[in-house]
Amino acid sequence: MSAVLKDTPVASEGIQFLAGAPADLLDPAAQAFLAELHRRFEPARQARLADRRQRQAAFDAGALPDFRDDTRAIRDGDWRVAALPAALLDRRVEITGPVDPKMVINALNSGANCYMADFEDSTSPTWDNLLTGQRALREAIAGTLSFEGNGKRYALKPERERAVLIVRPRGWHLDEKHVQVDGERLSASLFDLGLFAFHNARALADKDRGPYFYLPKLQSMDEAALWQDVLSYVECLLGLPQGQMKVTVLIETLPAAFEMDEILHALRDRIAGLNCGRWDYIFSYIKTLRAHRDRVLPERAQVTMTQPFLKAYSELLIQTCHRRGAHAMGGMAAQIPIANDAEANDRALARVRADKLREVTAGHDGTWVAHPALIPLARQIFDERMPGPHQHHVGREEVIVARADLLAPPLGTITRAGFEGNVEVCVRYLAAWLDGNGCVPIHGMMEDAATAEIARTQLWQWLHAADRGGTPLHLHDGTEIDEALFDRVLLNLPSRLAGQPMPGAARVAEAIALLEALTQRDTLEAFLTLPAYERID
C-alpha cells in the first residue's frame, strides 16, 4: 500500500508537490480543490495563529485564562445544536489509532461503535504515511481494502458490522510541507480534511455516514468559526447539503475549556459533541501556564482525572454539552494489554475499569480506548450503567465551575523515576516518530504525540522553574532538578535502551540531541512536532 511517487515535482495552476503527486489521489481536480481551499482560508488561518501567539504572550506576562465577557450572551442563551444523525447517536466505545491499512481494517472490525482514523497525534506525517492513509480510507469506504502481512490476510467485515468512521485531520498550527500553493505551504488541516472529503464525502453522504470529523487543538470559538466556514465552503464545492458534514471537537487546550459554549455555538448546525482530550489538555495546561511558577504540575503519573482541576474540566464539559443537546465524550484509556506479565496486566485493566466507571458515572456519553482488547471491558461498563444510546438527561445542574477551579494545580511530587521516565518516553517516542511511527507502546502504555508532549514540556518547565529568580525544583529525594541531572539521565539513556527491540532505534541519538536542544532553550517550543517535522522525509 505504499505511495507511488513520481521522480519530479508536479506543478499545476500554482500548486506544487515537492515529493510527487500520485495520480489516483492528486489528479488535476483534486489539486485545484486543495489550491482553492488554501487561497480562500490561509489568511484567516494565519490570523488565528497570530491570535494564539498574542494570547500566549499575555499569559507569559502574568495573565490567566478566563471566561470571555463579550460572549456572555452565548453562555446564558437558550439554544441547542442541530439534531444528531442516527449513526452518531450511540458512541459508547470509540477506538482510535493511525491510518495504516492494517490498523484501519482492525479498527473498523473491532466491535467499537466508532473508529477515529487519526492523521494527527498517532500518525507520523511522512508523505508516504499520509498518502497511504488517504488511500486506505478511500478503499475502506468502497469496501475493497485488504492487507497481507505476517502470513495473514486482513479483510473488512460486512459494512453493517463495521465501526462508524470519524477522521481526525491535523491541527491548525501544522503545515503540509510537501504541498505548496503560490509558494506557500498548504495547511495540514486543509490537506487532510480536504483530500479526504474530495474523494469520499459523496459516497459517505449517500450511505448516511457523514462524512464525520474530529477537530483537534482548537483554542477559541474563533478557530471553531474558521472550521465552520471551511466545512460550509467544502459542502458548496462538493454539492452537499449545508450541515451534512458533522464534527466533534476535542477540548484539549486550556483556553478552549473557557469557551466550550462558544465553540458549540460556532458549529451549532453540525457539531455532534465535545471530547475530553485529557492528555493534550494536560500538555496545554503546562504550556499555557509555563511562566507561572505557582502552577507547576507534579509528574504525569500523579496527574489523573480525579485531580480537582481535571474533574472540574470534565464535569463542566458534560454539563455544557448536555444543556445544548450534544454528546460529552470521555477520554483515552492509554493502557494496552501486557501479555508477558499477568499481574501487571491485571493492574492495567483495573485502572481502565476505574477510569471508565468514573466517566459513565459522571455522565459521559462514550469513551475512547487505544487497543481492541479493551473494547469489551469499556462496553460492559457503559452497557451496565447507560442503557440508552447516551446520557443527555444527566444535566449535572449541580456542577458549578469557576475560573479558579480550572486553573488550580494538583499537589504532588517529582520522583527520580518520574523524571527519568519523562526523558525515556520523550526520546523513544520522538525516535519512532522521526522514523515514521506515530503510535508507540512503551511500558504498557500506548504513547502518542500528546503524551510525549507532556513529558517534553514538563522537563522544560521543571528545568526552567528558577529562570525568573525563583528557587529550583527538587526531586522527592532532595536532588536539585538542573541541567546536570538532565544531562546525566540523557547520557545514561542509550545504555538503558541498548538491546531493547523498539521502533526508531537507529534515530535515538538524533532524538536525544533534539530533546536536549529544545529543553535548553530559554523559550518553550509550542509543539515538539514543529521542529521534528523538518527532519522527516
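Reader: How far apart are the end C-alpha atoms of helix α17, and why does that fit 13 residues?
Author: This is a predicted model, where local features need pLDDT of at least 70, side-chain atom pairs count only at pLDDT 80 or more, and totals for chains, interfaces and linings use all residues. Residues are numbered from 1 along each chain as its sequence is written, and side-chain values use heavy atoms, leaving out hydrogens and water. Helix α17 (helices are DSSP runs of H or I, at least four residues, and strands are runs of E, at least two, numbered from the N terminus) covers residues 508–520. At 1.5 Å a residue (times one less than the number of residues), its 13 residues should span 18 Å, which agrees with the distance between the end C-alpha atoms: 18 Å.

Reader: Which residues of α17 are buried?
Author: Buried here means under 20% relative accessible area, using a 1.4 Å probe and protein chains only. For α17, that picks out Val508, Ala511, Ile512, Leu514, Leu515, Leu518 and Thr519.

Reader: Okay, and how wide an arc do they cover around the axis?
Author: Take the directions from the helix axis to the C-beta atoms. The buried residues sit on the same side of α17, because their arc is only 170°.

Reader: Which helices are among what covers them?
Author: Look for contacts, meaning heavy atoms within 4.5 Å. The cover of the buried residues of α17 includes α14 (416–434), α15 (449–463), α16 (483–497) and α18 (529–533).

Reader: How much space lies in the largest cavity?
Author: On a 1 Å grid over the protein atoms alone, a cavity is a set of points where a 1.4 Å probe fits but cannot get out, while a pocket is an open set with protein on both sides within 12 Å along at least five of seven lines. Points are joined across faces, edges and corners, and volume is the space filled by probe spheres set on them. There are three cavities of 30 Å³ or more, and the largest holds about 160 Å³.

Reader: Which elements give two or more residues to the lining of the largest cavity?
Author: Lining residues have an atom within 4 Å of a point. The largest cavity has 18 of them, with Glu120, Asp121, Leu174, Ala449 and Thr529 nearest its centre. The elements giving two or more are α14, α15 and α18.

Reader: Which helix gives the most to the lining of the largest pocket?
Author: That pocket holds about 1,000 Å³ and has 37 lining residues, with Arg300, Ala301, Gln335, Arg351 and Met445 nearest its centre. Eight residues of the lining come from the top contributor, α11.

Methods: Buried means under 20% relative accessible area, exposed over 50%, partly exposed in between (1.4 Å probe, protein chains only).
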